[in-house]
Amino acid sequence: MAKSAAIVKPPKKALKKRLWDQRYLFLLMLPALIWVIIICYAPMTGLYMAFTNYRPSQNGYWYDLLNAPFVGFEWFEYFFQNDFKMIMRNTLATSLLTLLFSFPAPILTAVFLNEVKNMRVKKFVQTASYLPYFISWVIASNIFLTFLSGGGVVNNLLMGLHIIDEPVLFFQNGKYFWWIIAFANTWKGMGYNAIIYLAAISGIDQEQYEAAEVDGANRVQKIWHITLPAIRGTICIMLILAVGGILTTGFEQQLLMGNNAILNYSDVLDTYSYRYGLAKGMYSYGTAVGMFKSVVSFILVMCANKITAKLNDTALF
Amino acid sequence: MKKKLALLLTAALVAGTLSACGGSPAASDPAAENGSSEQTDGGNETADAAAASDASNEGEVAEDGTPVITFFDKNSGTRTFDDPVALELMKRTGVTLNLVSPTGNPGEKLSLMLAGQDYPDIVLMDRGSDIVNQYIEAGALVNLSQYMDKLPNVVEMYGETLNKTRYTDGNNYYLSNWYGYDPDPVNGFIMRHDLMVDLVGQERADSDEPFTFSEMVDLLKQFKEKYPTINGADSIATLINQPGSSDNLHGCFAGMYGMKTYYVDDNGDLHYRVSHPEYLDAIHDMNTLYREGLLDKEWTSNNGELRNQKLSQGNVFGYIGSYWDVWTPNAALIQSENEDAEFLAYKVVADGHDADATTLSGRSSLGWDAIAITTNCKNLDAALAFIDYCASQEGQDLLLWGLEGQDWEFVDGVRTPIGDIVERYQADPSNTVNDTGITKWTWFVKNDRHPDDNTTCRIWFNEQDRSAQYAYQNLTNAYWDTAEFDGLVPTGNSPDALKAQKLQDIINQAYPNMVNAATVEECDAVYEQMMSDLEAAGMADVEAIMTESYKARMELWGMN
């Protein structure tokens, strides 16, 4: 309370006046605003498709959309009654495993990289770790398919070390698939996400480290008491974003590495709505599944945001 | 002044973006574009007549004054339309053809184009897929029946096929590609000939006598015993492609038992192939190969490239599938192993079955693809003239034999390839096709020999190579016409279509698990589970719809 009382507020100008004063800033913002409206919000009108039986015709998109027979929650009901359990199990399992590895991995990478004093080594590790981010999933998937094949590096190594007698057929057992995707997601995004934490770490006042050194703190203590608390805000924001994207567990990787034998483990919300909505032309059903995902993601973001705000005084909005 | 300029630019940006994204309904309405106030709906005769009278070239024109036609060919991949045949085709038809690349999954692109109604002038789609009916139902395709007077070559070449490719309203909305009866063999056990000679002797290896499945299993076991490793790698007795989206048991295993696309019971009702009395026997055969270690353990990941790579390594005895799938590995093996190290086709029959009652070579007389003009086409006259020329014998000769005088010539009234063009093709098929343009664009193809000199429709196959010779010699009495069963699955945005897709998913998932089961009992358990899942997912409902469509089709074709 005392804190807020100490703040001296400038006299409030009339809204009109403030808007006019900042008119050039608003003008600069306008293209971005237009972009958001057209690219992000306008397509949302298509969500109405999920409640209709949309069939394209020659009358134009809007005519078809607005005149399509209204079916209420029929498509949602069909989804919940049929594939919902399996698809959600796969999505959540892949996602949570990914989160388990890919959330702490970039934090650890950034913290450790920060401790490396040799600049050459630091730069090399940094570049090598974020390079996978720029490799397309088509290539990355083929790397995994080759490495994990019956005669691939992994099986040869395991057999060479006499850990296994027969090659493990990684892509024929669905349960392996979740772990493979989690590992692949982590490998691909770890280095890139570490940059965000490195940027946060670089903003820490060096005097804090010097003071800690004077107090006799060792490296681990400096990490624990200075580095990690300093990037706590960033970690929270990244967690909120990660929780929001928990149902977005990947698309290309599942499509490229999966096969029919393990479809009941590899099919996630995105691949499912793609298979039905686009590949099969069932637009309304695909939209319904996609909309379900968006709504759940939105709720998750709001919850994560509320919780972190309560726990840490740090929130996205 | 600066402020005014900034405001003006911003306003222009807003207006430009909005107008580009919004579009006006009138502009996107082809009926309005054609100057007709009526909608060109599928079965609306008045609208059709109005559209027919409007057929003209009002669309985009190229720099040289020729009308521009945009063409989506699902098979074109990354090919470009700039080879000698392409240039000659544009010259002869007087159009500039802009090829729309399929980029990625062509089926997805066709769906997206339909949803956004931004399809090009001509589309080439998979005829067996439900996408054709979706386009027709959306009114996206021009009713060609009303323009038959402008398509004399089409009428002459297609003949009875036009009757069979009519939509339920009796009109033709597309033309088939690869139409006509085609007795070309398809599926078999494609075995390395040098190893066959080694294991069964020259005489048996060259004989056209089919093998029974048990004989083939014994042979594969012999191979594994004699050659546990080849070139330092574990030998592989047989290899198949990764499972596709169809339940055809890789063609070969359904064909061995004489199964067709659907199982038709005594009442004439259609059922999914899984209900065929011998479906489980065929699955057991596949499972036997897997359990005995005679099938590549990682077959479920074998895409086309991986398959070719494995077959080219020299440690695989046989491939089970289409005889043309092995052409690339054959070329590699002849170079790396020996001249006789070629995969050649053998017929394998299920134990106790008639060798002349197989269905190994299912082909649709109505073709693989459907080619249609869309209602977005503004240069309709040019498009009609273009397809009529392509479908004509002269057009077909240009597309499939190349330039007369350069690639082929008439010798004593018989079409004869010039120089070593066929040898070049046999040594390097893909580059020869790309360089010459011959068979690079396979459109409106008729599966028939030339009526005047009895030569084949494609220059490359006028003289059969060894793999074709063996296929024709060994895979006999295996042809059947799949046309009557094509495209019966419910389509589009309907609960029935959803059910049908769900059924296909259940079969697709169970299939590899049945094949890869550790025991026969496990295989049967997966089958039982699949059947109960299918029943729960509404198999009977979908089968009833397909039966109804099938009977309606038979009536339309006058085959009842």
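Student: What makes strand 1 (residues 68–73) of chain B and strand 3 (residues 122–126) of chain B a pair?

Tutor: Three bridges join them, and the two run parallel. Pairing takes at least two bridges found by DSSP, so strand 1 and strand 3 of chain B qualify. One bridge partner in strand 3 is B:Leu124, set against B:Asp73. Strands here are DSSP runs of E with at least two residues, helices runs of H or I with at least four, numbered from the N terminus.

Student: What kind of coordinates are these, and how are they labelled?

Tutor: This is a predicted model: local features need pLDDT of at least 70, side-chain atom pairs count only at pLDDT 80 or more, and totals for chains, interfaces and linings use all residues. Residues are numbered from 1 along each chain as its sequence is written, while chains are lettered from A and ligands numbered from 1 in the order in which they are written.

Student: Why are strand 2 (96–100) and strand 4 (175–177) of chain B called edge strands?

Tutor: Each pairs on one side only. Their open sheet has five strands in the order 2-1-3-16-4, with mixed pairing. Neighbouring strands in this sheet are turned by 25° on average, direction ignored. Helix 17 (residues 380–391) of chain B packs on the sheet, making about 55° with strand 1 of chain B (angles run from 0 to 180 degrees between N-to-C directions, with axes fitted to C-alpha atoms, for helices over the stretch in contact).

Student: How do you know that strand 9 (236–239) and strand 13 (343–346) of chain B stand at the edges?

Tutor: Each has a single partner strand, so one side of each lacks a neighbour in the sheet. The order is 9-12-5-13, an open sheet of four strands with mixed pairing.

Student: What shows how strand 5 (residues 187–192) and strand 12 (residues 316–322) of chain B pair?

Tutor: Five bridges link them in the antiparallel sense. B:Ile190, for one, is matched with B:Tyr319 in strand 12 of chain B. Helix 10 (residues 193–200) of chain B lies across strand 5, strand 12 and strand 13, at about 75° to strand 5 of chain B. Helix 15 (residues 304–312) of chain B lies across strand 9, strand 12 and strand 13, at about 150° to strand 9 of chain B.

Student: At what angle do helix 22 (residues 495–515) and helix 24 (residues 539–556) of chain B cross, and what is that called?

Tutor: Their axes come within 9 Å and cross at roughly 115°. That makes helix 22 of chain B roughly perpendicular to helix 24 of chain B (65 to 115 degrees; under 35 is roughly parallel, over 145 roughly antiparallel, the rest oblique). The contact involves residues including B:Leu503 of helix 22 and B:Ile545 of helix 24 of chain B (C-beta atoms, placed from the backbone, within 7 Å). Its residues are five nonpolar, no polar and three charged (nonpolar: Ala, Val, Leu, Ile, Met, Phe, Trp, Tyr, Cys, Pro; charged: Asp, Glu, Lys, Arg; the others, Gly among them, polar).

Student: Which helix gives the largest share of the side of chain B that touches chain A?

Tutor: Helix 22 of chain B, with ten residues. The contact takes 47 residues from chain B and 38 residues from chain A. The chain B side divides into 19 nonpolar, 22 polar and six charged.

Student: How much of chain B counts as buried?

Tutor: 44% of its 560 residues (20 or more other C-beta atoms within 10 Å; 12 or fewer is exposed, in between partly exposed). Chain B holds 24 helices and 19 strands.

Definitions and conventions
Contact = placed C-beta atoms within 7 Å.
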